[in-house]
Amino acid sequence: MRELFARDPKRFESMSREACGVFVDYSKHRATDETWKLLLALAKQADVEGWRTRMFSGDKSLNGTEDRAVLHVALRNRSNRPITVDGSDVMPEVNAVLAKMRGFTDKLRAGKWLGHTGKAIDTVVNIGIGGSDLGPVMATEALRPYWKPGMQVHFVSNIDGTHIAEVCKHVDPERTLFIVASKTFTTQETITNAKSARTWLLERLKAGNEAVAKHFVALSTNAKEVSAFGIDTENMFPFWDWVGGRYSLWSAIGLSIACVIGMDNFEELLAGGHDMDNHFQTAPLAENLPVLMGMIGVWYNDFWGAETHAILPYDQYMHRFPAYFQQGDMESNGKSVDRKGNRITDYSTGPIIWGEPGTNGQHAFYQLIHQGTRIIPCDFIAPVETHNRLGNHHEILLANFFAQTEALMKGKTPEEVRAELVAAKTPADKIEMLVPQKTFPGNRPTTSIVVQKVTPRTLGSLIALYEHKIFVQGIVWDIYSFDQWGVELGKQLAQKILPELHGDAKVASHDASTNGLINLYKSRRSSH
């Protein structure tokens, strides 16, 4: 890369693009103009454009194993263009749910939603798992500067009772509303946590089931189970089977987001996503941010053997962004069978996604990125403006943002290390020992992504950018990105094991290791 930059002083200008308030510099990659010509030809050959059209038109071939359309784009369709599934325009239903969300959140935020004892609700606890948790957590944290003063939101996802127990320690039952997010209202972890929350609430309020409707609402389509739980079905917010969980924050699943930032800001989030949708649909491949980022990933995954990809936001509010796209990417493209049902053996599909905010990561895993034996492409994300102007904090943050990508690209040669050591008057015998240790190979690839400020609209554009990047890669790899059968097997086995944990009888129905572990647990558990 040093040589590429030396040969082309305008490399930055030719290999950076901006759309929807998102600036992407992809010049620090092991790629020439010829590389890009070939990568974009590959995208063309895979018919990314044709599949893109199918997705936006509600074609069920995008999710052939479940025979479902893939229409999270409809949830943020601010142009309100008709989008049809099975011959019916879905937009009236989408708009009706958004209107219902507005009515609910306006009432809540105005202090007019009263709990069982007549006190106004000021705390929301979202109970969900997977996309029903990660999306709302990520977005509420990223948009914390937009929270209504005095309003709080908490999230419970883990079936480990510690999670719900710890949250309940910090909320006032008289002022708390629980949002139960489960499309079927049968998700084991979510419903178990919801039932525990209901028991806790009624015990603390010394109330009967009549109090449930004042403190619980549902994000679901199962009116029967919602009603049986004690929730008024008037306070049930539906969503659709053409919305995958990891793409659902734009739907009623985003109710917790709207509660704290307000519906106007929530609709700005939708607008940012819609901006990126329009860009993705209309921009030529060579100018198209999701296509460019998607093909960068294909390049390293399949031609350089990279196994992981790091997302590194230099903004503390975005600290859950990597975790959100850990699910978004790995649950989508973690597949080893193509769309025809053939086992994929001659190329790799989805990488391992991970990351943490900078500059924390610089004092942890950056060592491996700089000097380890693995190639790890990285996305560095930063805002020009901060929400918290404290002294020179932001300048120090951005100095590190700029420096890290430069250091990863340029590295430090043995000659440069030796010159530094000589200038520092290091003893000669020590110099030869230190030179290889302090040499940085460089040539480590990074993408730099810059936004003016993390606002609801720019966050929406960023999220949609990564969603469409995942889509592009799934098309090139010829896989179904919108199902997730891989999460099912463990759930099925857990349902079988659960009743075996009762009683004292030894279990012998599994392999020796699983039998041994279950029996170890049963022999050592407390009787209480």
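**Cavities, pockets and a paired strand in a predicted model**

The residues that line the second largest cavity of this predicted model divide into seven nonpolar, two polar and one charged. They are Trp51, Leu62, Arg339, Phe471, Gly474, Ile475, Ile479, Tyr480, Ser481 and Phe482. Helix H20 supplies the largest share of this lining, three residues. The volume enclosed here is about 50 Å³.

It helps to set this cavity beside its larger counterpart. The largest cavity has a volume of about 70 Å³, and the count of cavities of 30 Å³ or more comes to four. Gly297, Tyr300, Asn301, Ala306, Thr308, His309, Asp329, Pro351, Pro377, Lys469 and Gln473 form the lining of the largest cavity. By class, this lining has four nonpolar, five polar and two charged residues. Helix H14 (289–303), strand S10 (308–313) and helix H20 (456–476) each contribute at least two residues to it, with the largest share, three residues, coming from H14. Helix H20 thus has a place in both linings: it is one of the contributors to the largest cavity and gives the largest share to the second largest.

Turning to the open spaces, the largest pocket has a volume of about 1400 Å³. Of the 48 residues that line this pocket, Thr187, Gln484, Val487, Glu488 and Lys491 are the closest to its centre. Two or more lining residues come from each of helix H7 (131–142), helix H9 (188–205), helix H15 (321–333) and helix H21 (488–497). Among these, H21 gives the most, with five residues. The lining of the largest pocket has 16 nonpolar, 21 polar and 11 charged residues.

The second largest pocket has a volume of about 350 Å³. Its lining consists of 14 residues, and those nearest its centre are Gln316, Thr386, His393, His394 and Leu397. Helix H17 (residues 393–410) gives the most to this lining, with four residues. Six nonpolar, seven polar and one charged residues make up the lining of the second largest pocket by class.

Among the strands, S13 offers a good view of the pairing. Strand S13 (residues 446–451) is mostly covered, with five of its six residues buried. Strand S12 (residues 378–383) runs parallel to S13 and is joined to it by six bridges; here isoleucine 381 stands opposite isoleucine 449. Strand S2 (residues 22–25) runs antiparallel to S13, and four bridges join the two. In this pairing, phenylalanine 23 stands opposite valine 450 of S13. In a regular strand, side chains alternate between the two faces of the sheet.

These details sit within a fold of 22 helices and 13 strands. The overall dimensions agree with a compact globule, because 528 residues would then give a radius of gyration near 24 Å and the protein has 25 Å. Along the principal axes, the C-alpha trace spans about 80 × 60 × 55 Å. Of the 528 residues, 52% count as buried. Residues 24 or more positions apart account for 72% of the contacts with a separation of 6 or more.

How values were computed. Residues are numbered from 1 along each chain as its sequence is written. Side-chain values use heavy atoms; hydrogens and water are left out. Buried means under 20% relative accessible area, exposed over 50%, partly exposed in between (1.4 Å probe, protein chains only). Two strands pair if DSSP finds at least two bridges between them. On a 1 Å grid over the protein atoms alone, a cavity is a set of points where a 1.4 Å probe fits but cannot get out, and a pocket is an open set with protein on both sides within 12 Å along at least five of seven lines; lining residues have an atom within 4 Å of a point. Grid points are joined across faces, edges and corners, and a volume is the space filled by probe spheres set on the points. Ala, Val, Leu, Ile, Met, Phe, Trp, Tyr, Cys and Pro count as nonpolar, Asp, Glu, Lys and Arg as charged, and the others, Gly among them, as polar. The radius of gyration is taken over C-alpha atoms; the globule rule is 2.2 Å times the number of residues to the power 0.38. Contact means heavy atoms within 4.5 Å.
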